[in-house]
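Let's take a walk through this model, looking at which side chains meet which. Keep the viewer open as you read.

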Amino acid sequence: MGVVFGRTSGDAARWMRYRGGTAGQLWIDRQGSGEFKHLLRLDGNLASPMWIGSRIYFLSDHEGHGNLYSCTPTGRGLKRHTHHEDYYVRFPSTDGKRIVYHAGADLHVYDPATDEARPIPVSIRSPRPERQRKFVAPTQNLEDFDLHPKGHSLAVTSRGGAWTFGLWDGGALRHGAPSEERHRLASWLPDGKRIVTVADLGGEECLVVQPADGRGRRRVVKGDLGRTLELAVAPAGADRVALTNHRQELLLVDLKARTVEVVDKSPAERLDGIAWSADGRYLAYAYATSEVLSHIKVLDTTSGRKREITRPEFRDGRPAFDPEGRYLYFISARVFDPVYDGLYFDLGFPRGSRPYLVPLRRDAVSPFAASTREPRGPEGAASDDAGKPDEKKKTKKVTIHFDGIEDRI
């Protein structure tokens, strides 16, 4: 009795079009003597041999896609039986007469007698309790939220839906068609009457601008956005948003003109945070120069000029502008104070990250500078001369001059 088996013949779909030395092979012992030889040689992965009648059926992707083939025990008479060009034929099984397999998410059956393959309709009935209407707590699936410019309402996304509602007044209003489109990163526009979301309309991500009260038409802004990771709305000026995506790009989108512009791209890592100045002119973001180093940059959206606020010597991220334009805050991992681990004999840096700030105006002094400290009397009480400049000792102000930015933010 003959035997056929596959050698290094795992699931071919996981080794799509692999042609290396460990590609699947078929070996056969035609007489049952214990001596095996190659059944046939094809330029692709061979797997799942099944000996049915006078032919040997198997999977192969030597023509580009995984499909069901057969040949005689001598390796001749190669024939293709299925013609799937989208998904691989996977995990075939036989009862000795027919072959059942799946492609994509569908089951199929192939009958060698008729040389035909057809899909098997499968209907799964859900239990009645699972089909009944129920209420799901949105807090368990809350994705993000944004506060109204005047602070009286919220825009949130939960379970793929965008919602707006007052903090203590009325119910929540859902935006978009339920179960047909997914929304993310819902944010208020500066007028407080519209929101912008990232949606998957038509299968590609785009920006959707819609009235917060649900009345009126919505505007769709399409473009090559990529997979949006973070969205920041300009707080003033024209309707503009800044985006970061999975391609490590920083994009500016004009919602009115429907234009998308790539203004910067990191060569190493994704951008860690974006923030607008209060006047909507300057955009701060974290730019990675390597896998471990990043620094803060500021883009003047009027002139297009970019300047480095910090040096690429540490890992700086999550920038935020002071509302009055005095400082630029950020988080930085630059404290090298090693601490012994409590369980393992090793050193670590558990307190390596701290918040920092950079003064942006010429007249803005760092709140940590010595000149801002209140002088103390001999017994710890505030001195009568508190706040007065010391004529004998002059303290150098710590400021960073970013060309004209200090007079405009």
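**Side chains and their partners**

R194 is partly exposed, with a relative accessible area of 24%. Keep in mind that you are looking at a predicted model. The partner to look for here is D191, which forms a salt bridge with R194, the closest N and O atoms being 2.7 Å apart. D191 is partly exposed too, with a relative accessible area of 37%.

That bridge has company, since the structure holds 24 salt bridges. Side chains of opposite charge can pair when their charged atoms come close. Now turn to R247, which makes a salt bridge with D224, with 3.1 Å between the closest N and O atoms. R247 sits in the loop between β21 (240-245) and β22 (249-254), while D224 sits in the loop between β19 (219-221) and β20 (228-233), so this pair ties together parts that are 23 residues apart in sequence. As for how open the two ends are, R247 is partly exposed at 26% relative accessible area, whereas D224 counts as exposed at 56%.

Next, head towards the start of the chain and find D61. Is D61 buried or exposed? D61 is buried, because its relative accessible area is 0% and anything under 20% counts as buried. D61 forms a salt bridge with R19, and the closest N and O atoms are 3.8 Å apart. This pair links distant parts of the chain: D61 is in the loop between β5 (55-60) and β6 (67-71), R19 is in the loop between β1 and β2, and their positions lie 42 residues apart in the numbering. On the R19 side, the relative accessible area is 36%, so R19 is partly exposed. Salt bridges can also join up into something bigger than a pair, and D11, R14 and R90 are linked in a network of them.

Stay with the loop between β5 and β6, because H65 has its place there too. At 18% relative accessibility, H65 counts as buried. A polar atom of the H65 side chain lies 2.9 Å from the backbone oxygen of E85. Who else touches H65? Leaving aside neighbours within four places in sequence, H65 is in contact with R17, S60, H84, E85, D86 and Y88.

Now for the rings. A search of the whole structure finds nine aromatic pairs. Take F5 and F36: their ring centres are 5.1 Å apart and their planes are at 75°, so the pair is edge-to-face. F5 belongs to strand β1 (residues 3-7) and F36 to the loop between β2 (25-29) and β3 (37-38), so to speak a link between distant parts of the chain, 31 residues apart. Both can be seen from outside to some extent: F5 is partly exposed at 34% relative accessibility, and F36 is partly exposed at 30%.

Another ring pair is F314 with F336, which is tilted, at 6.3 Å centre to centre and 40° between the planes. F314 comes from the loop between β27 (306-308) and β28 (315-321), and F336 from the loop between β29 (327-333) and β30 (339-340), which puts them 22 residues apart. F314 is partly exposed, with a relative accessible area of 22%, but F336 counts as exposed at 60%. Bring F349 into view as well, since ring pairs link F314, F336 and F349 into a cluster.

Rings can have charged neighbours as well. K297 lies over the face of Y287, at 4.1 Å from the ring centre. R334 does likewise with Y356, at 5.2 Å from the ring centre.

Finally, look at the nonpolar interior. Which residues of the largest nonpolar core touch the most other members? Of its 15 residues, they are V196, L207, L231, V241, L243, V253 and L255. Strands β17 (194-199), β18 (206-211), β20, β21 and β22 each supply at least two residues of this core. For a view from one member, click on L231: apart from neighbours within four places in sequence, L231 is in contact with L185, S187, V196, V198, L207, A242, L243 and I274. A second, separate core has 13 residues, including A242, W276, Y287 and L299. You have already met Y287, the ring with K297 over its face.

Note on methods: Residues are numbered from 1 along each chain as its sequence is written. This is a predicted model: local features need pLDDT of at least 70, side-chain atom pairs count only at pLDDT 80 or more; totals for chains, interfaces and linings use all residues. Side-chain values use heavy atoms; hydrogens and water are left out. Rings of Phe, Tyr and Trp (its six-membered ring) pair if their centres lie within 6.5 Å; planes under 30 degrees apart count as stacked, over 60 as edge-to-face and the rest as tilted. Helices (H or I, at least four residues) and strands (E, at least two) are DSSP runs, numbered from the N terminus. Buried means under 20% relative accessible area, exposed over 50%, partly exposed in between (1.4 Å probe, protein chains only). A charge sits over a ring if NZ of Lys or CZ of Arg is within 6 Å of the ring centre and within 35 degrees of the ring normal. A salt bridge is a side-chain nitrogen of Lys or Arg within 4 Å of a carboxyl oxygen of Asp or Glu. A polar contact is a pair of N or O atoms within 3.5 Å; within protein, one must be able to donate a hydrogen and the other to accept it, and residues adjacent in sequence count only if both atoms are side-chain atoms. Contact means heavy atoms within 4.5 Å. A nonpolar core is a set of buried Ala, Val, Leu, Ile, Met, Phe, Trp, Tyr and Cys residues joined through side-chain atoms within 4.5 Å.
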